[in-house]
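Please look through the sequence and the model below with attention to surface, fold and interior. The paragraphs that follow take these topics in turn.

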Amino acid sequence: MPSRRPAASLLVLPPSAQPLSAAARAYNLQLTRIDKLKSQLAELDALGQLHRQELHGAIDPLRRQLAQSQRELAFALDGFLQGKELSRVQADVARVLLCQIARQLVETSGSGSEGMRELHDRHSPRTLAQIRQDAADALRARLESVLGETLDDEGQDLSAEQLLRAGMSRLRRAQEEQQDKKREAAQAKRERKKPGAALRQTEQHDADTLLRRLFRQLASALHPDRETDPQARLRKTALMSEANAAYEKRDLVTLLQIQSRAELADPAAVHKLSDERLASLTLLLKAQVAELERERAGRQSALADEFDLPEGLSPNANTLLQNRIDQARALEAELADVEHDLEQVTNGVRLKRWLNAQRDAVMRER
């Protein structure tokens with residue numbers, strides 16, 4: 001990976017004892033914002049990685065212990081169902097509970113689900129495959145109704161979870177595109193009403209021209225086919241790949257840094273730029289800032305979804321710590337309940353009382 005210098009390395013510095021112009025200050029401000037946003041993106045990446053590691057250490061052992069206890073409970077119920085100790089009603093309750101436990105293990109526990117699919121299908125009138133297909137078909141119908149279009153899965157047999165992700169992703173993209181169009185239209189309307197709109201259009205044209213010229217200069221100087229030395233060709237190939245990606249994203253900072261790394265520009269040239277040229281550069285930097293802000297919002301939303309944070313909470317050290325604490329407490333409480341249930345099914349008398357209690361609880365919920 002190439003070394004990443006901060007955007008601050010491109011700052012315009014004041015000449016001796018003279019203040020910077022307004023154009024230079026505006027240009028410097030955007031560079032500073034870019035560095036800050038890139039730093040925040042790196043912090044979000046590191047925060048997500050750390051939280052995944054902490055979850056693995058704190059939560060996975062509890063999940064494995066819970067899955068093992070649930071397996072023992074399912075097999076214990078299966079053992080009683082193979083005998084004749086239970087009444088028909090008690091056997092029906094035990095069968096329903098067994099299928100619920102087995103299905104949950106298959107859907108959530110990975111290695112903890114060994115044998116659970118067969119156990120479920122032996123006691124259930126519908127197999128897990130049939131239940132999943134029914135759920136997927138129903139979800140597909142609802143999503144297609146909301147989206148107003150068919151979810152094309154290219155012949156793949158998607159699960160309900162995969163369909164939900166695909167549908168929500170499609171819906172989110174459509175909403176984002178609609179919001180972007182509204183923002184662009186509103187911004188264009190505001191720009192037209194502001195004094196100096198024609199001047200800003202000229203500056204935008206100049207900015208686009210400048211970006212295009214910079215990329216063409218890099219493409220001409222870094223074309224690997226013009227290099228005979230193998231090592232230099234590899235270096236130019238890597239730089240050209242970076243330049244292509246940066247130009248596609250209109251990443252002015254990276255293009256200027258590549259220009260500097262390739263020794264294609266005077267390091268002090270930026271200090272000699274006219275205010276008009278700085279204004280054009282600033283327009284490009286503002287667009288880059290806006291894109292980085294969207295990327296930051298997207299990264300925050302993705303982490304919040306991944307870790308199931310409550311609505312409105314952003315991922316940070318405190319919210320993710322509370323997330324781990326809440327998950328651990330919920331698993332510990334669930335484990336205690338399952339272990340208590342296991343104690344009740346150790347003999348027929350307690351099992352029958354427990355099944356009657358489970359039946360009564362279900363009736364009350366209805």
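About 22900 Å² of the protein chain is exposed, and carbon and sulfur atoms supply 51% of that area. This is a predicted model, and 33% of the 366 residues of its protein chain count as buried.

The secondary structure consists of twelve helices and zero strands, so that, by the definition used for these elements, a reading along the sequence gives the pattern α-α-α-α-α-α-α-α-α-α-α-α. Among contacts between residues at least 6 apart in sequence, 68% join residues that are at least 24 apart.

Turning to the interior, the largest nonpolar core has 39 residues, of which L73, L77, L86, L351, W354 and L355 touch the most other members. Helices that each supply at least two residues of this core are α1 (22-58), α2 (60-81), α3 (88-108), α4 (116-123), α10 (275-306), α11 (317-344) and α12 (348-365), and it is α3 that gives the most, with nine residues. In soluble globular proteins, nonpolar side chains tend to be buried together. For L355, once residues up to four places away in sequence are set aside, the residues touched are L86, Q90, V93, A94 and L97.

A second core, separate from the one just described, comprises 35 residues, including F215, M240, L255 and L292. Of these, L292 is found in helix α10, a helix that also supplies at least two residues of the largest core. Why does L292 count as buried? Its relative accessible area is 8%, and because the cut-off for burial is under 20%, L292 falls on the buried side of it. Leaving out residues up to four places away in sequence, L292 touches I34, L37, K38 and L41; these contacts can be read alongside the separation of L292 and K36, which are 256 residues apart in sequence and 10.0 Å apart in space, C-alpha to C-alpha.

A lysine can be examined in the same way. K236 is found in helix α8, which covers residues 230-248. Is K236 buried or exposed? With a relative accessible area of 18%, K236 is buried, because that value is under the 20% cut-off. Which residues does K236 touch, not counting those up to four places away in sequence? They are A221, L222, H223, P224 and E227.

How values were computed
Residues are numbered from 1 along each chain as its sequence is written. This is a predicted model: local features need pLDDT of at least 70, side-chain atom pairs count only at pLDDT 80 or more; totals for chains, interfaces and linings use all residues. Side-chain values use heavy atoms; hydrogens and water are left out. A nonpolar core is a set of buried Ala, Val, Leu, Ile, Met, Phe, Trp, Tyr and Cys residues joined through side-chain atoms within 4.5 Å. Buried means under 20% relative accessible area, exposed over 50%, partly exposed in between (1.4 Å probe, protein chains only). Helices (H or I, at least four residues) and strands (E, at least two) are DSSP runs, numbered from the N terminus. Contact means heavy atoms within 4.5 Å. Accessible areas come from the Shrake-Rupley method with a 1.4 Å probe; for residues, only the protein chains shown count as cover.
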